[in-house]
Amino acid sequence: MDSKSIYGVSVGNFIITFFLLFILPIHSALPHNSSAVQINSNSILVALLDSHYTELSELVEKALLLQKLEEAVGKHNITIFAPRNQALERDLDPEFKRFLLEPRNLRSLQTLLMSHILPSRIASHHWPNTDLHHHTLSHHRLQLTTNPSGKKTVDSAEILKPDDVIRPDGVIHGIERLIIPRSVQEDFNRRRNLADISAILPEGAPVVDPRTHRLKKPVSVPAGAPPVLPIYDALAPGPSLAPAPAPGPGGPRHHFNGERQVKDFIHTLLHYGGYNEMADILVNLTSLATEMGRLVSEGYVLTVLAPNDEAMAKLTTDQLSEPGAPEQIIYYHIIPEYQTEESMYNAVRRFGKVSYDTLRLPHKVVAQESDGSVKFGHGDTSAYLFDPDIFTDGRISVQGIDGVLLPPEEEKEDESPISRVKTPLVKVAAKPKRGKLLELACSMVGSFGRVCS
């Protein structure tokens with residue numbers, strides 16, 4: 001009996017000693033998070049991911065917000081305003097959606113989604129009768145109102161399905177459209193360098209007369225909508241660019257400030273250095289700068305392949321003084337679509353050779369990969385992408401090249417006996433002294449709009 005009690009005491013002491021020396025220190029060393037919450041299957045977050053708001057739930061997962069929302073649910077009930085799938089699939093501008101899904105814009109996507117969540121529970125029967133502001137998880141203020149007709153709204157979005165999903169830790173209300181905070185809208189506008197742009201597509205589309213290729217009646221299309229008319233229909237015949245007299249796709253309000261954007265890219269060329277001759281042609285020798293601004297104001301996009309000064313210096317004064325010659329040269333260097341160095345290089349890497357339309361119909365400029373860069377044109381008159389993305393604002397892209405491009409047909413004419421007698425439109429000649437082209441421009445146009453001053 002003594003041995004049993006001694007044995008029992010020994011075992012008890014051993015257990016107590018083991019607990020104090022091993023179990024308690026290990027338990028104390030483990031991280032303790034008082035705010036950690038176990039999300040059960042009846043949580044509002046689980047209900048959201050399993051609900052018919054599939055577009056919203058996918059964006060929540062892509063925005064990496066699940067952990068942050070779990071912490072919010074652990075502290076208080078939440079109210080989620082869920083846009084219907086159509087508002088995110090068809091009503092949202094594709095460019096705005098691409099902007100949200102870009103990895104560099106993750107913070108904007110998170111701000112957008114958290115602006116639809118209130119850190120409090122507001123059921124439909126608790127909806128305020130008067131205007132009341134609530135702060136969201138992104139610290140954005142939402143205005144909850146009830147119209148005289150009894151319709152409930154949050155900001156300007158109508159509540160279509162009040163109390164659509166109810167759980168112990170929150171409630172989901174279905175709304176008609178996406179709520180876009182001002183900060184996210186400004187980030188989107190800043191990326192595209194535009195003012196007063198809407199992230200919602202227009203409901204209707206202007207009707208184009210197939211015989212005249214003009215709009216049948218003036219229709220105001222909000223900014224952000226793609227041009228209705230092809231750029232060639234918006235050009236009047238002649239040596240200069242000129243938008244058609246019919247209302248352009250940008251509408252009479254001209255949401256796109258094309259003149260300012262062209263002015264910005266001209267100044268960028270001058271400050272960048274090495275492209276003064278190209279700026280002289282655009283401003284002094286021709287009216288292309290002003291007319292390109294009109295096109296951009298109408299909603300069209302342009303990519304300019306700008307030869308540097310060394311390449312432009314190979315052009316003789318006789319070639320530039322021929323009627324319409326400067327315009328024809330620049331026409332072949334303007335692509336009526338928006339391309340960057342990355343998009344063109346990816347295209348030539350994938351397809352080998354890519355033909356781009358130019359404003360000089362029917363000629364196209366061919367691009368292909370060469371020496372890890374993009375090469376334009378053929379033979380001796382080819383040019384490499386020398387200074388990529390000199391200017392890119394979403395409407396105008398300027399890519400610097402190290403040569404003046406010629407259409408293939410003119411290259412063959414240069415080799416014929418007739419072309420040896422008549423001066424061809426463009427050819428490679430001895431390099432004149434620096435500033436020769438500038439002096440010619442100043443003598444031809446005087447002091448109006450002079451870059452050389």
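**Hairpins, helices and a cavity**

Biologist: In the hairpin that E15 and E16 form, which residue in the turn has a positive phi of about 95°?

Modeller: E15 and E16 form that hairpin with three residues between them. Strands here are DSSP runs of E with at least two residues, helices are runs of H or I with at least four, and both are numbered from the N terminus. The turn residue with the positive phi is Gly394.

Biologist: What kind of model am I looking at, and what pLDDT do local features need?

Modeller: Residues are numbered from 1 along each chain as its sequence is written, and side-chain values use heavy atoms, with hydrogens and water left out. It's a predicted model: totals for chains, interfaces and linings use all residues, side-chain atom pairs count only at pLDDT 80 or more, and local features need pLDDT of at least 70.

Biologist: Back to E15, then. In E16, which residue is the bridge partner of Leu385?

Modeller: E15 (residues 383-392) runs antiparallel to E16 (residues 396-401), with four bridges between them. Two strands count as paired if DSSP finds at least two bridges between them. Leu385's partner in E16 is Ile401.

Biologist: E14 also joins E15. Which residue in their hairpin takes a positive phi near 85°?

Modeller: Strand E14 (residues 373-376) and E15 run antiparallel, joined by two bridges. One of those links pairs Phe376 with Ala383 in E15. Six residues sit between the strands of this hairpin, and the one with the positive phi is Gly377.

Biologist: What is the strand order in the open sheet of seven strands?

Modeller: The pairing in this open sheet is mixed. Strand E2 (117-118) and strand E3 (132-135) have a single partner strand each, so they stand at the edges with one side lacking a neighbour in the sheet. The order is E2-E1-E7-E6-E5-E4-E3.

Biologist: In the turn of the E5 and E6 hairpin, which residue has a positive phi of about 55°?

Modeller: Strand E5 (residues 152-154) pairs with E6 in the antiparallel sense over two bridges. Thr153 stands opposite Glu158 in E6. The hairpin has two residues between its strands, and the one with the positive phi is Asp155.

Biologist: Next hairpin along: which residue in E7 stands opposite Val165?

Modeller: Strand E6 (residues 157-167) and strand E7 (residues 170-175) are antiparallel, with five bridges. Two residues link them in a hairpin, and Arg167 has Gly170 as its bridge partner in E7. Opposite Val165 you'll find Ile172.

Biologist: On to helices. Is H9 oblique or roughly antiparallel to H11?

Modeller: Helix H9 (residues 258-272) and helix H11 (residues 288-297) pack with axes 7 Å apart, at an angle of about 130°. Angles under 35 degrees count as roughly parallel, over 145 as roughly antiparallel, 65 to 115 as roughly perpendicular and the rest as oblique, so H9 and H11 are oblique. Axes are lines fitted to C-alpha atoms, for helices over the stretch in contact, with angles from 0 to 180 degrees between N-to-C directions. In short, H9 to H11 is oblique.

Biologist: And how does H9 lie relative to H10, roughly antiparallel or oblique?

Modeller: The axes of H9 and helix H10 (residues 276-285) come within 8 Å and cross at roughly 150°. That puts H9 and H10 in the class roughly antiparallel.

Biologist: Which residue does a cis peptide bond join to Leu361?

Modeller: The omega of this bond is about -5°. Its second residue lies in the loop between strand E12 (353-357) and strand E13 (364-370). That residue is Pro362.

Biologist: Last one: how much space lies in the second largest cavity?

Modeller: The structure holds three cavities of 30 Å³ or more. On a 1 Å grid over the protein atoms alone, a cavity is a set of points where a 1.4 Å probe fits but cannot get out, with lining residues having an atom within 4 Å of a point; points are joined across faces, edges and corners, and the volume is the space filled by probe spheres set on them. The second largest cavity's lining includes Leu48, Val60, His116 and Ile117. Its space is about 60 Å³.

Technical notes: 1 Å grid on protein atoms, 1.4 Å probe; cavity = no way out; pocket = protein on both sides within 12 Å on 5 of 7 lines; lining within 4 Å.
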